[in-house]
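This report is intended for a reader who has not met the structure before. Please keep the sequence and the model in view while reading.

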Amino acid sequence: MQRSVPQLGDHVMKVYETYADTLFRIAMVHLGRREDAEEATQDTFIKLIEKAPTFNDAEHQKAWLIRVITNHCKSLLGRGWRKREVKLEGVDPLTTDNAEDHALIELVLSLPVKYRSVVHLYYYEDYPIREISEILEISESAVKMRLKRGRQLLKLELEGEEL
């Protein structure tokens, strides 16, 4: 009788099934394009395999993955080739059936990156301010300020559309 021994690939597949969608959404918020978000998600799991860090619990693992993909997205946005690329007109980076959801996602994506990531983690991933500060490695007051300014920018945009 053979015993099945858990392997690294099994663990990574479980982690992938659990967190891939969340990481993809975070990457979409930062990068705005499906192809780039998919690549960033893959790179995050490659880092998980390469580094094989030990985690205290599932929340610690999730926070590590979010921190890695956030930092990876920031580094992608800072690369020279990305700054010089030309956006294609009319290309829809997101697909959703609800027009209202689509409009709101577009508004969130139009925010500067530092506000966009905090708004996404708070409203879409339901993280409390303390955990967002740990994930992004910024102070809680910085998270609160970015949330406040992000909300103000969204409010201005929403009020502008209603006029």
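## His-30 and its surroundings

Setting aside residues up to four places away in sequence, His-30 touches Thr-70, Cys-73, Leu-77, Val-113, Arg-116 and Ser-117. His-30 belongs to helix H1, which covers residues 8-31. With a relative accessible area of 3%, His-30 is buried, because the limit for that class is under 20%. Two of the residues it touches, Thr-70 and Cys-73, are themselves listed among the buried residues of H3.

## The model and its confidence

The coordinates described here are a predicted model. Mean pLDDT for the protein chain is 82, and 82% of the residues score at least 70. Confidence is highest in H2, with a mean of 92, and lowest in helix H4 (residues 80-84), with a mean of 57.

Over residues 88-93 the pLDDT stays under 50, and the model has seven contacts for this stretch beyond four places in sequence. Where pLDDT is low, the predicted coordinates should not be read in detail.

## Overall architecture

Which kinds of element make up the protein chain, and how many are there of each? The chain has eight helices and zero strands. Read from the N terminus, the order of elements is α-α-α-α-α-α-α-α.

The protein chain comprises 163 residues, of which 35% count as buried. Among contacts with a separation of 6 or more, 61% join residues that are 24 or more positions apart. The exposed area of the chain is about 10,700 Å², and carbon and sulfur atoms supply 51% of that area.

## Helix H2

Helix H2 spans residues 34-51 and contains 18 residues. Its end C-alpha atoms are 26 Å apart, which agrees with the 26 Å that this number of residues should span at 1.5 Å a residue. Its buried residues are Asp-36, Ala-37, Ala-40, Thr-41, Thr-44, Phe-45 and Leu-48. An α-helix has 3.6 residues a turn, so residues three or four places apart point the same way.

Just after H2 comes Ala-52, with a positive phi of about 40 degrees.

## Helix H3 and Gln-61

Helix H3 (residues 58-78) has 21 residues, and the distance from its first C-alpha to its last is 30 Å, close to the 30 Å expected at 1.5 Å a residue. At the start of H3, a side-chain oxygen of Asp-57 comes to within 3.3 Å of the backbone nitrogen of Glu-59. The buried residues of H3 include Trp-64, Leu-65, Ile-66, Val-68, Ile-69, His-72 and Leu-76.

Gln-61 also lies in H3. Is Gln-61 buried or exposed? Its relative accessible area is 8%, so Gln-61 falls under the 20% limit and is buried. Apart from neighbours within four places in sequence, Gln-61 is in contact with His-11, Val-15, Tyr-19 and Phe-55.

## Loops between H6, H7 and H8

Most residues other than glycine have a negative phi, and most peptide bonds are trans. Asp-126, although not a glycine, has a positive phi of about 60 degrees. Asp-126 is located in the loop between helix H6 (113-124) and helix H7 (129-136). At 63% relative accessibility, Asp-126 counts as exposed, because that class begins over 50%.

In the loop between H7 and H8 lies Glu-137. Glu-137 is likewise not a glycine and has a positive phi, of about 55 degrees. Its relative accessibility is 57%, and Glu-137 therefore counts as exposed.

## Aromatic pairs

How many aromatic pairs does the structure hold? There are three. One of them joins Tyr-122 and Tyr-123 in an edge-to-face arrangement, with 4.8 Å centre to centre and 85 degrees between the planes. Tyr-122 counts as partly exposed at 28% relative accessibility, and Tyr-123 counts as partly exposed at 41%.

## Leu-158 in the last helix

Leu-158 is placed in helix H8 (residues 140-162). With a relative accessible area of 35%, Leu-158 is partly exposed. Leu-158 and Ala-103 are separated by 55 residues in sequence, while their C-alpha atoms are 9.8 Å apart in space.

Definitions and conventions. Residues are numbered from 1 along each chain as its sequence is written. This is a predicted model: local features need pLDDT of at least 70, side-chain atom pairs count only at pLDDT 80 or more; totals for chains, interfaces and linings use all residues. Side-chain values use heavy atoms; hydrogens and water are left out. Helices (H or I, at least four residues) and strands (E, at least two) are DSSP runs, numbered from the N terminus. Buried means under 20% relative accessible area, exposed over 50%, partly exposed in between (1.4 Å probe, protein chains only). Contact means heavy atoms within 4.5 Å. Accessible areas come from the Shrake-Rupley method with a 1.4 Å probe; for residues, only the protein chains shown count as cover. The expected span of a helix is 1.5 Å times one less than its number of residues. A polar contact is a pair of N or O atoms within 3.5 Å; within protein, one must be able to donate a hydrogen and the other to accept it, and residues adjacent in sequence count only if both atoms are side-chain atoms. Rings of Phe, Tyr and Trp (its six-membered ring) pair if their centres lie within 6.5 Å; planes under 30 degrees apart count as stacked, over 60 as edge-to-face and the rest as tilted. pLDDT is the predictor's confidence in each residue, from 0 to 100.
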